[in-house]
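Student: I have a protein model open and would like to learn how to read it. Could we go through it together?

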Amino acid sequence: MEDLGAKVSYLALAVGTRVYDVDSAPVGVVEQVLTDERWDIFHGVIVAPPGPDQSHRFAYREQIADLYERGVVLSVPGAEMHDPGEDPPAGVVEEAAHHPVQADLRRAWQRLSRPR
């Protein structure tokens, strides 16, 4: 893995920053940083895949080990990231509908999946 620079806050994390899994394998680049600006809460990042035949993924903040100037390092294998369009299990749909992370993910996924 290349030199990732100094550690940074999620507030300084730039779109296009490379993302690496726990084994230092590249998994894509930051497409969007999901935050709740009102409460200053970092939810995670949506990761654009390295190839056109792959789908966007979402890494919750709990899956992120460190944020650097030139890289995000996950604490999990890339395969454990989530599909940002995944629906919550049927038993928690009502609760998730009011959860701020789910609302942010839903908005981000709608923006990403719109035809360009």
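Tutor: Happily; keep in mind that this is a predicted model, and we will take ring pairs, strands, cores and salt bridges in turn.

Student: How are the rings of tyrosine 10 and phenylalanine 42 arranged, stacked or edge-to-face?

Tutor: A pair of aromatic rings is described by the distance of the centres and the angle of the planes. Here the centres are 5.0 Å apart and the planes stand at 15°. Planes under 30 degrees apart count as stacked, so the pair of tyrosine 10 and phenylalanine 42 is stacked.

Student: How many residues apart in sequence are the parts that this pair ties together?

Tutor: Let's place each partner first. Tyrosine 10 is found in the segment before strand S1, while phenylalanine 42 belongs to strand S3. Both residues are buried. The pair therefore ties together parts whose separation in sequence is 32 residues.

Student: What about phenylalanine 58 and tyrosine 60: stacked or edge-to-face?

Tutor: Their ring centres are 4.6 Å apart, and the planes meet at 85°. Planes over 60 degrees apart count as edge-to-face. So the pair of phenylalanine 58 and tyrosine 60 is edge-to-face.

Student: Is tyrosine 60 buried or partly exposed?

Tutor: Its partner, phenylalanine 58, counts as buried at 1% relative accessibility. Tyrosine 60 has a relative accessible area of 24%. Buried means under 20%, so tyrosine 60 is partly exposed.

Student: Now the strands. Which residue in S6 does leucine 67 stand opposite?

Tutor: Strand S5 and S6 pair in the antiparallel sense over four bridges, and they form a hairpin with two residues between them. S6 also pairs with S1, in the parallel sense over two bridges, and there valine 19 faces valine 72. On the S5 side, leucine 67 stands opposite that residue too: valine 72.

Student: Which residue of S6 points the other way from Gly71 and Val73, along with Val72?

Tutor: Side chains of S6 face two ways, and the four residues named here are all buried. Gly71 and Val73 point one way. Pointing the other way with Val72 is Leu74.

Student: How many residues does the largest nonpolar core have?

Tutor: Strands S2, S3, S5 and S6 each supply at least two of its residues. Val45, Ile64, Val72 and Leu74 have the most contacts inside it. Leucine 74 also touches residues including Val19, Val27 and Met81. The number of residues in this largest core is 16.

Student: How many residues are in the second, separate core?

Tutor: Among its members are Leu34, Ile46, Phe58 and Ala108. We have already met Phe58, which is buried at 1% relative accessibility. The count for this second core is five.

Student: Let's finish with charges. How far apart are the closest N and O atoms of lysine 7 and aspartate 66?

Tutor: Side chains of opposite charge can pair when their charged atoms come close. Lysine 7, in the segment before S1, and aspartate 66, in strand S5, are 59 residues apart. Lysine 7 is exposed at 56% relative accessible area, and aspartate 66 is partly exposed at 24%. They form a salt bridge, with the closest N and O atoms separated by 3.1 Å.

Student: Which residue joins Glu69 and Arg70 in one network?

Tutor: The structure holds four salt bridges. In one of them, arginine 70 pairs with glutamate 69, their closest N and O atoms being 3.6 Å apart. Salt bridges that share partners bring a third residue into the network with Glu69 and Arg70: Asp3.

How values were computed. Residues are numbered from 1 along each chain as its sequence is written. This is a predicted model: local features need pLDDT of at least 70, side-chain atom pairs count only at pLDDT 80 or more; totals for chains, interfaces and linings use all residues. Side-chain values use heavy atoms; hydrogens and water are left out. Rings of Phe, Tyr and Trp (its six-membered ring) pair if their centres lie within 6.5 Å; planes under 30 degrees apart count as stacked, over 60 as edge-to-face and the rest as tilted. Buried means under 20% relative accessible area, exposed over 50%, partly exposed in between (1.4 Å probe, protein chains only). Two strands pair if DSSP finds at least two bridges between them. A nonpolar core is a set of buried Ala, Val, Leu, Ile, Met, Phe, Trp, Tyr and Cys residues joined through side-chain atoms within 4.5 Å. Contact means heavy atoms within 4.5 Å. A salt bridge is a side-chain nitrogen of Lys or Arg within 4 Å of a carboxyl oxygen of Asp or Glu. Lists of a residue's contacts leave out its neighbours within four places in sequence.
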